[in-house]
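Reader: I am new to this structure. Please take one part and walk me through it closely.

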Amino acid sequence: MNYNNKAFRPIKNSENGETSEDTIFEYNQNGPILTSDYSGGQIVKGHLIGLVDKNGNIEMSYHQINTKGEIMTGICFSKPEVLPNGKIRLHESWEWTSGDKSKGMSILEQL
C-alpha cells in the first residue's frame, strides 16, 4: 500500500485528542518512509514521520502546535482498511508523549 499524495481527514477521535474533521493530513511516501504536514481545527501546524510495513500498517511519531500555543508530541499505530469505493480508512491507536500522556483512538478517511 502506498500513501503518497493522499489526503486524510479524521472522522472520529477520542475526547483527549486535538484533531477533528477540520484537520487535513497531506501524506507523502518514499519507500517505507511516510511523512505528513497537517493543520486545521485546533492544530496550527503539525508534522508526522513514520514507517509503513508490507501490510500498509503505519508506525509513527508526531508533533504539533495547537491553538493554545503548546507543543504536543505523540506516537501512533495506524491499521488500514480499504473501503468498497477504493479509498483508505485508517484505524489509529495513539498516545501522547507530552501533556497528560493519555491514550486514544481515532479514525481517518481518505479524501
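Author: What follows looks at strand 3 and its surroundings, then at the whole fold.

This is a predicted model, in which local features need pLDDT of at least 70, side-chain atom pairs count only at pLDDT 80 or more, and totals for chains, interfaces and linings use all residues. Residues are numbered from 1 along each chain as its sequence is written, and side-chain values use heavy atoms, with hydrogens and water left out.

Start with the strand itself. Strand 3 covers residues 33–40 and holds I33. Strands here are DSSP runs (E, at least two residues), while helices are runs of H or I with at least four residues; both are numbered from the N terminus. I33 counts as partly exposed because its relative accessibility is 42%. The cut-offs are these: buried is under 20% relative accessible area, exposed is over 50%, and partly exposed lies in between (1.4 Å probe, protein chains only).

I33 also helps build a surface patch. Together with I49 and L51 it makes a nonpolar patch of about 290 Å². Patch residues have over 30% relative accessible area and no salt bridge; nonpolar side chains (Val, Leu, Ile, Met, Phe, Trp, Tyr) are joined within 5 Å, like charges within 9 Å. A salt bridge would need a side-chain nitrogen of Lys or Arg within 4 Å of a carboxyl oxygen of Asp or Glu. The areas come from the Shrake-Rupley method with a 1.4 Å probe, and for residues only the protein chains shown count as cover.

Now the neighbour. Strand 4 spans residues 43–52 and runs antiparallel to strand 3, with seven bridges between them. Pairing requires at least two DSSP bridges between two strands. D37 faces H47 of strand 4. The two strands form a hairpin with two residues between them, and G41 there has a positive phi near 65 degrees.

Strand 4 has another partner. Nine bridges link it, again antiparallel, to strand 5 (residues 58–66). One of the pairs is V52 with I58 of strand 5. This hairpin has five residues between its strands, and G56 in the turn takes a positive phi of about 90 degrees.

Step back to the fold. The eight strands close into a barrel in the order 1-2-3-4-5-6-7-8, with antiparallel pairing. The protein has zero helices. Further along, strand 6 (residues 71–82) and strand 7 (residues 88–96) pair antiparallel over nine bridges. There, P80 has L90 of strand 7 as its bridge partner. Along its principal axes, the C-alpha trace spans about 35 × 25 × 20 Å. Of the 111 residues, 41% count as buried.
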